[in-house]
Amino acid sequence: MARRSAQRLKTVPQQEPTQSREIDFGWLGGTVGLHLRLAQEVAFQAFARRANGVDGSPWRFAVLFLIDANPGLTQGDLAAAIRRNTSSLTPVLDDLCRLDYVVRERLASDRRAYTLTLTAAGKAVMAKLRASAVAHEREIDRLVGRTNRAELIRTLKRIITGLEEGRDR
């Protein structure tokens, strides 16, 4: 039987748990990608807080909303629309089906494809999340400025289009 060697742990004095350590982001702090990611993270957290007890993931809301707004939507079309691969979307859809928010039905013309439909419970939770989303967007308008909203969206769309994989240069 092999013996594990004992590890020696060095105790380092820590700051108070309530204090955040100032992090030097260096070059990274000037990158658009970092700030896009940080803005997304705090926006998602704010949305979840605003959802008032409903599972308030913006990701879940987007999936429910797109299924509701696009009757007959397939799993593959949904994945393409939100720029995810179907394998990363499958667990989310499995969860939504388990919660009885979404029904998957095989397409008669393609046994590998599924259409997605919201159930009554899915429509109800989506409506609650939509109310939270509207309030959340008002808060973002307050921060960005209502007049700057359209330009921000155009800029983000240029980034999306310009960086998409396989784009001709």
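Six helices and two strands make up the chain in this predicted model. Read along the sequence, these elements follow the order α-α-α-α-β-β-α-α. Of the 169 residues of the chain, 22% count as buried. The accessible surface comes to about 13,100 Å², and carbon and sulfur atoms account for 54% of that area. Among contacts between residues at least 6 apart in sequence, 50% join residues at least 24 apart.

**Nonpolar core**

The largest nonpolar core has 22 residues. Within this core, Val63, Leu64, Ile67, Leu78, Leu93, Leu96 and Val102 touch the most other members. At least two core residues come from each of α2 (58-69), α3 (75-81), α4 (86-98), β2 (114-118) and α5 (120-144). In soluble globular proteins, nonpolar side chains tend to be buried together.

Val102 can serve as an example of the packing. Apart from neighbours within four places in sequence, Val102 is in contact with Leu64, Ile67, Leu96, Cys97, Leu116, Thr117, Leu118 and Thr119. Of these partners, Leu64, Ile67 and Leu96 are also listed among the core members that touch the most others.

**Nonpolar surface**

Ile23, Phe25, Trp27, Leu28 and Leu38 make a nonpolar patch of about 560 Å² on the surface. One of these residues, Trp27, lies in the segment before α1 (32-50). Trp27 has a relative accessible area of 73%, over the 50% limit, and therefore counts as exposed.

**Backbone at two loop residues**

Most residues other than glycine have a negative phi. Arg83, although not a glycine, has a positive phi of about 55 degrees, and this residue is placed in the loop between α3 and α4. Asp100 is likewise not a glycine and has a positive phi, of about 65 degrees. Asp100 lies in the loop between α4 and β1 (102-106). With a relative accessibility of 44%, Asp100 counts as partly exposed.

**Salt bridges**

The model holds 13 salt bridges. Three of them are set out below with their N to O distances.

| Pair | N to O distance |
|---|---|
| Arg83 and Glu164 | 2.5 Å |
| Arg142 and Glu139 | 2.6 Å |
| Glu151 and Arg158 | 4.0 Å |

The side chains of Arg83 and Glu164 meet in a salt bridge. This pair links distant parts of the chain, with Arg83 in the loop between α3 and α4 and Glu164 in the segment after α6 (149-163), 81 residues apart. Glu164 is partly exposed, at 30% relative accessibility. Arg83 thus appears twice in this account, once for its positive phi and once for its salt bridge to Glu164.

Arg142 and Glu139 form a pair within one element: both residues lie in helix α5, three residues apart, about one turn of the helix. Arg142 counts as exposed at 57% relative accessibility, while Glu139 is partly exposed at 28%.

In the pair of Glu151 and Arg158, whose side chains meet at 4.0 Å, Glu151 is partly exposed with a relative accessible area of 35%. Arg158 is exposed, with a value of 53%. Elsewhere, Glu137, Asp141, Arg146 and Arg149 are joined into one network by salt bridges that share partners.

Conventions: Residues are numbered from 1 along each chain as its sequence is written. This is a predicted model: local features need pLDDT of at least 70, side-chain atom pairs count only at pLDDT 80 or more; totals for chains, interfaces and linings use all residues. Side-chain values use heavy atoms; hydrogens and water are left out. Patches are made of residues with over 30% relative accessible area and no salt bridge: like charges are joined within 9 Å, nonpolar side chains (Val, Leu, Ile, Met, Phe, Trp, Tyr) within 5 Å. Accessible areas come from the Shrake-Rupley method with a 1.4 Å probe; for residues, only the protein chains shown count as cover. Helices (H or I, at least four residues) and strands (E, at least two) are DSSP runs, numbered from the N terminus. Buried means under 20% relative accessible area, exposed over 50%, partly exposed in between (1.4 Å probe, protein chains only). A nonpolar core is a set of buried Ala, Val, Leu, Ile, Met, Phe, Trp, Tyr and Cys residues joined through side-chain atoms within 4.5 Å. Contact means heavy atoms within 4.5 Å.
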